[in-house]
Amino acid sequence: MSQPVVQVEVKAVIPASGGCAIFLGNEEKVFVIYIDQMVGMAVMMAMHGVPKERPLTHDLIVSILAAYEARLERVIINDFNDNIFFARLILVADNELHQRKIMEIDARPSDCLALALCVKAPLYVSRKVWEHVADESTLLEAMQEHSRHRDQEPDEDEPGLET
């Protein structure tokens, strides 16, 4: 079933207490999804193209898709209920008869985002979710400012930084 969607991008991934805050949005609005720290690190590594010594789970899934000649076409964050976001992976595969098969798979938004960033697939949010979430642009700016300020402070435990 098709539903209206809004295209978004990952604006920032910021460590937060107990995990990471992923800010998604566009020029109109930004909203936040809180995820666990391990997937947050995978998202950050995919965003910045950080090479990995060994494949992470998301890299493994990308390799499996490639082995089956399937690809991630897009990700849609399609629902929101009791502070939980839901998402779908839209996969496409062509068979030997050049017939296209489209598969829609339920997955955690955090995993969907990591996969999408790995393969540079577009990210969408259903219009229903988009209209429900609050604009968190101010929170994003505050967290980025706090992060910049924290990064500029000298480490008290490092010798030679005393003034």
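This text walks through the fold, helix 1, the salt bridges and a surface patch.

The model is predicted. Its chain carries 5 helices and 7 strands. Along the sequence, the elements run β-β-β-α-α-β-β-β-α-β-α-α. The chain has 163 residues, and 37% of them count as buried. Long-range contacts matter for the count here: take the contacts in the chain with a separation of 6 or more, and 53% of them join residues 24 or more positions apart. The accessible surface of the chain is about 10,800 Å². Carbon and sulfur atoms hold 51% of that surface.

Start with helix 1. This helix spans residues 37-48, after the loop that follows strand 3. Helix 1 has 12 residues. From first C-alpha to last, helix 1 reaches 16 Å, close to the 16 Å expected at 1.5 Å a residue. Which residues of helix 1 are buried? They are Val39, Gly40, Ala42, Val43, Met44 and Ala46. An α-helix has 3.6 residues a turn, so residues three or four places apart point the same way. The buried residues of helix 1 pack against three strands, namely strand 1 (5-16), strand 2 (19-25) and strand 3. They also pack against helix 2 and helix 3.

Now look at the two ends of helix 1. At its start, Asp36 places a side-chain oxygen within 3.1 Å of the backbone nitrogen of Met38. After the helix comes Gly49. The phi of Gly49 is positive, near 60°.

Asp36 also leads to the salt bridges. Side chains of opposite charge can pair when their charged atoms come close. The model has 9 salt bridges. In one of them, the side chain of Asp36 meets that of Arg108, at 3.6 Å from N to O. This pair links distant parts of the chain, with the two positions 72 residues apart in numbering. Asp36 lies in the loop between strand 3 (30-35) and helix 1. Arg108 lies in the loop between strand 6 (100-107) and helix 3 (109-119). Are these partners buried, exposed or in between? Asp36 counts as partly exposed because its relative accessibility is 32%. Arg108 is partly exposed too, with a relative accessible area of 43%.

A second pair to inspect is Lys128 and Asp79, whose side chains meet in a salt bridge at 3.0 Å, N to O. This pair also links distant parts of the chain, 49 residues apart. Lys128 sits in helix 4 (residues 127-132), and Asp79 sits in strand 4 (residues 70-81). Lys128 counts as exposed because its relative accessibility is 52%. Asp79, at 26%, counts as partly exposed. Return to Asp36 for the network: salt bridges that share partners join Asp36, Arg108 and Asp111.

Another salt bridge pairs Arg74 with Glu73. The closest N and O atoms of this pair are 2.3 Å apart. Arg74 counts as partly exposed, at 26% relative accessibility. Glu73 also counts as partly exposed, at 26%.

Finish with the surface. Which residues make a nonpolar patch there? Leu60, Ile64 and Tyr68 do, over about 350 Å². Ile64 belongs to helix 2 (residues 57-67). Patch residues must have over 30% relative accessible area. Ile64 passes that cut-off because its relative accessible area is 41%, which makes it partly exposed.

Methods. Residues numbered from 1 in each chain as written. Predicted model: local features only at pLDDT ≥ 70, side-chain atom pairs only at ≥ 80, totals over all residues. Heavy atoms only, no water. Patch = residues over 30% accessible without salt bridge, like charges linked within 9 Å, V, L, I, M, F, W, Y side chains within 5 Å. Areas by Shrake-Rupley, 256 points an atom, 1.4 Å probe, with all protein chains shown as cover. Salt bridge = Lys/Arg side-chain N within 4 Å of Asp/Glu carboxyl O. Helix = DSSP H or I, 4+ residues; strand = E, 2+ residues; numbered from the N terminus. Buried < 20%, exposed > 50% of the residue type's maximum accessible area, 1.4 Å probe, protein only. Expected span 1.5 Å × (residues − 1). Contact = heavy atoms within 4.5 Å. Polar contact = N/O pair within 3.5 Å; in protein donor to acceptor, adjacent residues only side chain to side chain.
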